[in-house]
Amino acid sequence: MISMASSSRSFAALARYLEGGRTIDGADRVDWRAARNLPTDDPELAARIMRATAAQNPRVEKPVYHLSLSVNPPAPVDRAAMERVADRVIAALGLQEHQVLIVAHRDRGHPHMHLLVNRVHPENGIAWDRWQDRRAIQQVLRDEERAMGLRTVESSPAARDPDQSVPLHPPEQRREDLRPDQVRQEQLELPVGLVPPARPAQSRVEQLAADLRRLERVERLGGEYETARSEAGIARARLAELDN
């Protein structure tokens with residue numbers, strides 16, 4: 001299996017690409033979709049929810065983590081196997097509580113899927129750090145290749161780092177991984193293959209309600225910011241009058 005990872009700014013742009021490609025010819029290339037910690041697998045709606053969630057941490061310039069996983073042809077791999085690989089990778093990276101949209105494509109001669117991940121945690125607003133992500137990914141892929149009897153295919157050097165995949169600085173030097181109150185994220189190291197205990201299952205209605213509450217919080221903060229700006233302008237005008 002081969003993996004490629006990158007970071008970017010726009011959830012909507014990547015969601016549009018995963019759904020339809022760069023041309024109208026790609027409109028029918030989606031094989032299946034799945035969501036993790038999202039109330040929908042619709043790419044457009046999922047992107048909007050992710051964007052609102054990421055707004056909790058304005059320090060994060062690139063909240064989008066894009067991971068593509070490809071199976072070497074002509075290996076017959078079904079959806080269940082591909083979702084298992086995706087879930088194992090998500091767990092190994094410590095992203096099991098983050099919002100993830102999985103989109104599988106059928107427009108090539110080999111099975112492949114894309115993971116659109118929100119680096120910002122939906123509850124605490126802390127940004128997940130990509131530090132040494134490739135090592136955990138490759139370990140999972142090698143294990144799954146052996147389990148499914150597939151030929152081992154290492155990612156090429158060009159596929160390792162399309163977006164400076166390995167950060168130039170270790171996690172402790174990256175400001176975006178701090179919460180607004182400057183509390184550091186605890187780095188959770190999980191043995192590969194060990195899936196943490198499942199959280200209590202939520203209904204789609206409960207998940208959607210939680211996402212709507214986050215949207216309302218973002219909108220409320222935006223309104224408070226505009227009010228503060230207006231009051232500051234009035235105060236400056238009064239001060240100018242006193243100076244005169």
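**View 1. Ala35 and Leu101 meet as bridge partners, with Leu101 belonging to β4.** This close-up, like the others here, comes from a predicted model. Leu101 also stands opposite Leu116, a residue of β5, so this is a handy spot to start exploring β4 and the strands beside it. The pairing with β2 is antiparallel and counts six bridges. Between β4 and β5 there are likewise six bridges, and these two strands run antiparallel. Follow the chain from β4 to β5 and you trace a hairpin, with six residues between the two strands.

**View 2. Strand β4 is covered on both faces.** Where do its side chains go? In a regular strand, side chains alternate between the two faces of the sheet. On one side of β4 look for Val100, Ile102 and Ala104, and on the other for Leu101, Val103 and His105; all of them are buried. Because six of the six residues of β4 are buried, the strand is largely enclosed by the rest of the structure.

**View 3. The largest nonpolar core brings together 30 residues.** Which of them touch the most other members? They are Tyr65, Leu69, Val89, Met113 and Leu115. Several elements give two or more residues to this core: the strands β2 (30-36), β3 (64-70), β4 (100-105) and β5 (112-118), together with the helices α3 (79-92) and α4 (133-148). Helix α3 provides the largest share, seven residues. Elsewhere there is a second, separate core of 18 residues, and Leu14, Ala15, Ala46 and Ala127 are among its members.

**View 4. A cavity of about 40 Å³ is the second largest in the structure.** The structure holds two cavities of 30 Å³ or more. Around the second largest one you will find Met1, Leu69, Ser70, Val71, Val77, Met82, Val85, Met113 and Met148. Two of these names, Leu69 and Met113, may be familiar from the view of the largest nonpolar core, where they are listed with the residues that touch the most other members. Both β3 and α3 supply at least two residues each to the cavity lining. What kinds of residue make up this lining? Eight are nonpolar and one is polar, while none is charged.

**View 5. Arg84, in helix α3, has contacts with residues far along the sequence.** Which residues does Arg84 touch once its neighbours within four places in sequence are left aside? The contacts are with Glu144 and Met148. Arg84 and Glu144 are 60 residues apart in sequence, yet 9.1 Å apart in space, C-alpha to C-alpha. Met148 also appears in the lining of the second largest cavity. Is Arg84 itself buried or partly exposed? With a relative accessible area of 38%, Arg84 is partly exposed.

**View 6. Asn37 and Gln132 each have a positive phi.** Most residues other than glycine have a negative phi, so these two deserve a look. For Asn37, phi is near 60°. Asn37 is found in the loop between β2 and α2 (43-54), and this residue is partly exposed, with a relative accessible area of 32%. Gln132 has a phi of about 60°, although it is not a glycine. Its place is in the loop between β5 and α4. Gln132 is partly exposed too, with a relative accessible area of 38%.

Conventions
Residues numbered from 1 in each chain as written. Predicted model: local features only at pLDDT ≥ 70, side-chain atom pairs only at ≥ 80, totals over all residues. Heavy atoms only, no water. Core = buried A, V, L, I, M, F, W, Y, C linked by side-chain atoms within 4.5 Å. Buried < 20%, exposed > 50% of the residue type's maximum accessible area, 1.4 Å probe, protein only. Helix = DSSP H or I, 4+ residues; strand = E, 2+ residues; numbered from the N terminus. Contact = heavy atoms within 4.5 Å. Pairing = 2+ DSSP bridges. 1 Å grid on protein atoms, 1.4 Å probe; cavity = no way out; pocket = protein on both sides within 12 Å on 5 of 7 lines; lining within 4 Å. Points joined across faces, edges and corners; volume = space filled by probe spheres on them. Nonpolar A, V, L, I, M, F, W, Y, C, P; charged D, E, K, R; others polar.
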